[in-house]
Amino acid sequence: MDEKQYALNRELAQMLKGGVIMDVTTPEQAKIAEEAGACAVMALERIPADIRAAGGVSRMSDPAMINGIQEAVSIPVMAKCRIGHFVEAQVLEAIEIDYIDESEVLSPADDIFHIDKTRFKVPFVCGAKNLGEALRRINEGAAMIRTKGEPGTGDVVQAVSHMRMMNSAIAKITAMREDELFNEAKELQVPYNLVQYVHDNGKLPVVNFAAGGVATPADAALMMQLGADGVFVGSGIFKSGDPAKRAEAIVKAVTNYKDAKMIADLSKNLGEAMVGINKDEITLLMAERGI
Amino acid sequence: MVIGILAVQGAFIEHEEIFKKLGADTIQLRQKNDLDRHFDRLVLPGGESTVQGKLLKDLGMFNILKEKIENGMPVLGTCAGLILLAKSISNDTRAYFQTLPVTVKRNAYGRQLGSFHCDGEIKGLGTFPMEFIRAPYIENVASGVEVLAENNGKITAARYKNQLGLSFHPELCNDYRLHKMFMEM
């Protein structure tokens, strides 16, 4: 991937800002998501809550199923590959996916190495729970970052914690003397120029979305008020009682995330939210995969 | 001069930063109440046109903004913004403001792997850096529409009275001449 392509890939993420990216498993769900105002969809065979329930090994989705979703909607289509599984990524690039999520939601294929994303033309989004992880993924070629959160739980606590950790690390670097940045680069295990960028600009060099546990309009607005550029909603929509209505409400809550009165109205009569499990009740912490 | 920037979804902050550098005041238009505030010009940014179009209608902003455009308020639409302005979309049954008498094709260069950068010529400005991101182009224009740029035979910039529509994203480059041109429209 040359510099110009990387710029185009970062810029596509910029176009998604202020929007909601929704997990979908069928063309019908993709259409519901698009009609509800999703700015992109994530095509996957099972949403994280079901992956969690099923256990076993979770892999890239069937390309035929992804093709079906690509044909059903006009908005960007993303899909997940396993951490380090560069052939799954090659396959997703071959079917012209708009964005690849190298995702801890699937079973990792490599317990040390992430994909060298600079070798691809197609853009990648990666999860991160702190600034070091985010900058390491960016150094590997990620054009977009999202918090890991804890997928498939409907519990927003981890996404909040990851966003706050990232924000406070950015604030700390912004306040540093220039001669302290060399050591910070060493601590974070990232190149100096990325630390310098954060120091000079007070933000990541790519768009940063919230993901992992968002289930309600208020959850989405919470992540936006904490500084997210946009929101991924995985299990939260199609595991709820009235997916179309909840999806629409979350989209509007992201647009008007500071308007509590509107969020109150949007939160009314949404039906059953996904049941949710909290992180102390689960044995598998997906956020610990790929650091 | 106050520039109202549609801020329901997409890359609106990028426009805002450029207009501020050029000395204009800006306001973000996120909901109906924001339209009561004073602004002289309107910007429709890049993003997803399906999302922006839906939110414009659901949030009660659509008719008010359409009327402002029809009454002559200068408007700049980039990428998704161009789609919102277009009279019709050749590969989509949806249509939005329909104030700019052109037909556009959505995602005309294909998916993200078809996105590209090039330098193109803009009438009256010369060479300009252009970012095309899952971009539309203009397939045909009605009489009275001035074609400002073409790339490989496809129209990528056009002006009609108070409306300026672009397939590409001047808000993503460091060249502010199009923004200046819009402020003088």
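The largest pocket of this predicted model encloses about 1200 Å³ of space. A pocket here is an open set of points on a 1 Å grid over the protein atoms alone, with protein on both sides within 12 Å along at least five of seven lines. Its volume is the space filled by probe spheres set on the points, which are joined across faces, edges and corners. The lining consists of 42 residues, each with an atom within 4 Å of a point. Q14(A), K17(A), Y197(A), K203(A) and E14(B) lie nearest the pocket centre. Both chains contribute elements: α1 (3–16), α7 (157–174), α9 (192–201) and β7 (207–209) of chain A and α1 (12–21) of chain B each supply at least two lining residues. Helices (H or I, at least four residues) and strands (E, at least two) are DSSP runs, numbered from the N terminus. α1(B) gives the largest share, 6 residues. By class, 20 lining residues are nonpolar, 11 polar and 11 charged. Gly counts as polar, while Tyr, Cys and Pro are among the nonpolar residues and Asp, Glu, Lys and Arg are the charged ones.

The model also holds 3 cavities of 30 Å³ or more, a cavity being a set of points where a 1.4 Å probe fits but cannot get out. The largest has a volume of about 200 Å³. It is lined by 22 residues, with D23(A), P48(A), P151(A), G212(A) and G234(A) closest to its centre. β8 (231–233) and α11 (235–238) of chain A each provide at least two of the lining residues. The second largest cavity measures about 110 Å³. Among its 13 lining residues, G47(B), E48(B), C79(B), I133(B) and R134(B) lie nearest the centre. α1 of chain A and α4 (80–85) of chain B each give two or more residues to this lining.

The interface takes 36 residues from chain A and 34 residues from chain B, with contact meaning heavy atoms within 4.5 Å. The chains bury about 2900 Å² between them, 54% of it on carbon and sulfur atoms. Buried area is the accessible area (1.4 Å probe) lost on putting the two parts together, summed over both. L8(A), M15(A) and T255(A) supply 22% of the area that chain A buries against chain B, more than any other three residues. The interface has 4 salt bridges, defined by a side-chain nitrogen of Lys or Arg within 4 Å of a carboxyl oxygen of Asp or Glu. K252(A) forms a salt bridge with D58(B), with the closest N and O atoms 3.3 Å apart.

Local features need pLDDT of at least 70, side-chain atom pairs count only at pLDDT 80 or more, and totals for chains, interfaces and linings use all residues. Residues are numbered from 1 along each chain as its sequence is written, chains are lettered from A and ligands numbered from 1 in the order written, and side-chain values use heavy atoms, without hydrogens and water.
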